[in-house]
Amino acid sequence: MVTAFDPITLTNGLALPNRIVMAPLTRRRAYGEGLSATPLMAEYYQQRVSAGLIISEAMHAGRAGQAYTNEPGLHTEQQLQSWRPIVETVHAHGGRIFAQLLHGGRHSHPALLEDGMHPKAPSPVAGPGLIRITIPEPAQRVPLPIPEAMTVDDIATTIDDFATAAENAMRIGFDGVELHGGYGYLIQQFLADSTNLRSDKYGGSIHGRIQFVLELVDTIANRIGPHNLALRINPGVTDMGIVESDVETLYRTLVRELRHDLSYLHIFEWPGQRAVTRALRDEWPGQLILNPHETFDDWPAGPDAVHVVADGLADMVSYGSMFISNPDLVHRLRIGAPLTPDDHATHYHGDHRGYTDYPVFDEQ
């Protein structure tokens with residue numbers, strides 16, 4: 001029986017010593033000039049290299065894609081060179097790391113962008129709630145604006161931004177690239193019928209709504225090789241104002257039409273969507289990572305989540321919050337040690353507290 005502690009090799013030949021993956025975790029600590037990474041971030045990732053695979057926090061692929069304050073980018077040379085020592089540190093300590101790329105779409109604000117840019121999305125449908133901005137100081141929370149509907153040229157530019165950022169990631173040594181296709185950001189805004197009201201080839205039917213991600217994946221795969229590319233999806237999420245009225249049909253269709261030679265498919269399971277997870281497991285012929293939440297009682301994923309590998313539901317299991325507060329999570333899961341709870345108050349922004357000061361089990 002295969003377990004989460006057994007090795008596995010990705011389709012690009014990257015050998016992983018175990019199947020426990022550090023999920024992408026937004027921490028909003030890119031305090032370097034021009035939203036570049038810092039040495040503290042290198043320490044943070046280095047502490048977690050025992051993960052079979054680290055997936056970086058989401059980085060916006062182009063200037064128009066920023067979703068949060070202090071969110072790192074991967075589109076300027078300054079940003080690239082700030083990430084290079086992080087990648088080198090992870091590799092020097094025996095780790096493996098993919099870069100996750102994001103576009104916020106409607107989840108943005110002109111104060112986060114530059115040159116008079118306004119957030120763009122598939123359709124002019126504003127997101128719910130407030131967004132934190134720091135221009136002007138002090139930080140404040142303001143309503144999300146109504147985005148501009150993307151033109152076909154905007155879509156082509158956005159796809160090219162993603163592809164260039166992916167090339168940049170590979171150039172500075174990342175082991176691969178994962179696209180953030182969930183949690184209500186741009187890719188999912190195209191997928192969901194609540195946010196995609198288009199009548200052109202990128203909207204309307206399910207086949208129209210999946211067209212953006214299919215073109216995006218193909219373009220990037222042609223630039224960096226399909227085995228170096230992965231996609232994360234979040235079927236049925238109800239946060240961020242997303243409504244998908246046809247979840248299983250939508251994602252079955254997407255997975256069927258998605259090219260099958262990618263490095264892996266990563267599912268962030270929304271509570272109550274286990275049937276969809278099983279259906280997509282049956283549809284997807286390649287390797288699958290699952291961040292499992294069968295019910296809201298399973299949030300965040302705890303020690304029992306490793307069983308999704310032994311049960312055959314996934315090839316690898318990813319953890320988010322537990323990797324924040326347990327840098328040695330793999331070791332703790334292996335020996336059955338207690339897990340340190342995370343402090344949600346320090347998830348975003350801040351300094352080393354709640355970031356690099358969580359102890360390993362042996363130190364406790």
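Reader: Why is W299 called partly exposed?

Author: Keep in mind that this model is predicted. W299 has a relative accessibility of 33%. Buried needs a value under 20% and exposed needs one over 50%, with partly exposed in between, so W299 at 33% counts as partly exposed.

Reader: And what makes D298 partly exposed?

Author: It's the same kind of check: D298 has a relative accessible area of 32%, so it also falls between 20% and 50%. D298 sits in the loop between β13 and α9. Not counting residues up to four places away in sequence, D298 touches P292 and H293. Its C-alpha atom is also 8.1 Å from that of P271, although these two residues are 27 apart along the chain.

Reader: How many aromatic pairs does the structure hold?

Author: There are 15 aromatic pairs. One of them is W270 with F296, where the ring centres are 6.2 Å apart and the planes meet at 85°.

Reader: What makes the pair of W270 and F296 edge-to-face?

Author: Two steps. Ring centres must lie within 6.5 Å to pair, and 6.2 Å passes that test. Planes over 60 degrees apart count as edge-to-face, so at 85° the pair gets that name.

Reader: How do you know that the pair ties together parts that are apart in sequence?

Author: Look at where the partners sit. W270 is in the loop between β12 (264-268) and α8 (274-283), and F296 is in the loop between β13 (288-291) and α9 (307-310). The pair therefore links parts 26 residues apart in sequence.

Reader: Are W270 and F296 buried or exposed?

Author: One of each! W270 has 4% relative accessibility, which is under 20%, so W270 is buried. F296 has 54%, which is over 50%, so F296 is exposed.

Reader: Why is the pair of F296 and W299 called stacked?

Author: Their ring centres are 6.3 Å apart and their planes are at 20°. Stacked means planes under 30 degrees apart, so 20° settles the matter.

Reader: Which residues do ring pairs link into a cluster?

Author: Y44, Y45, W83, F174 and Y355. W83 turns up again in the largest nonpolar core, which has 84 residues: W83, L179 and Y319 touch the most other members. Helix α6 (residues 211-224) gives the largest share of this core, 8 residues. There is also a second, separate core of 12 residues, with L10, L14, A230 and Y264 among them.

Reader: Which residues is W83 in contact with?

Author: Leaving aside neighbours within four places in sequence, the contacts of W83 include M41, Y45, P72, L74, I172 and F174. Two of those names, Y45 and F174, also belong to the ring cluster.

Reader: How do you know that the charged end of R28 sits over the ring of Y348?

Author: The charged end of R28 is 4.3 Å from the ring centre of Y348. The distance has to be within 6 Å, and 4.3 Å meets that part of the rule. The rule also asks for an angle within 35 degrees of the ring normal.

Reader: Why is H349 called buried?

Author: H349 has 13% relative accessibility, and anything under 20% is buried, so H349 makes the cut. H349 lies in the segment after α11, and so does H347, which is buried at 6%. H347 is in contact with T26, R27, R29, S321, I324 and D342, leaving aside neighbours within four places in sequence.

Reader: What joins the side chains of H349 and N70?

Author: A polar contact of 3.4 Å. The limit is 3.5 Å, and 3.4 Å falls within it.

Reader: What makes Q188 buried?

Author: Q188 has 0% relative accessibility, so it is under the 20% limit. Q188 belongs to helix α4 (residues 186-191). A polar atom of the Q188 side chain lies 2.9 Å from the backbone nitrogen of Y183. Not counting neighbours within four places in sequence, Q188 is in contact with residues including G181, Y183, N234, E244 and Y251. The C-alpha atoms of Q188 and E244 are 9.5 Å apart, with their positions 56 residues apart along the chain.

How values were computed:
Residues numbered from 1 in each chain as written. Predicted model: local features only at pLDDT ≥ 70, side-chain atom pairs only at ≥ 80, totals over all residues. Heavy atoms only, no water. Helix = DSSP H or I, 4+ residues; strand = E, 2+ residues; numbered from the N terminus. Buried < 20%, exposed > 50% of the residue type's maximum accessible area, 1.4 Å probe, protein only. Contact = heavy atoms within 4.5 Å. Phe/Tyr/Trp six-rings, centres within 6.5 Å; stacked < 30°, edge-to-face > 60°. Core = buried A, V, L, I, M, F, W, Y, C linked by side-chain atoms within 4.5 Å. Polar contact = N/O pair within 3.5 Å; in protein donor to acceptor, adjacent residues only side chain to side chain.
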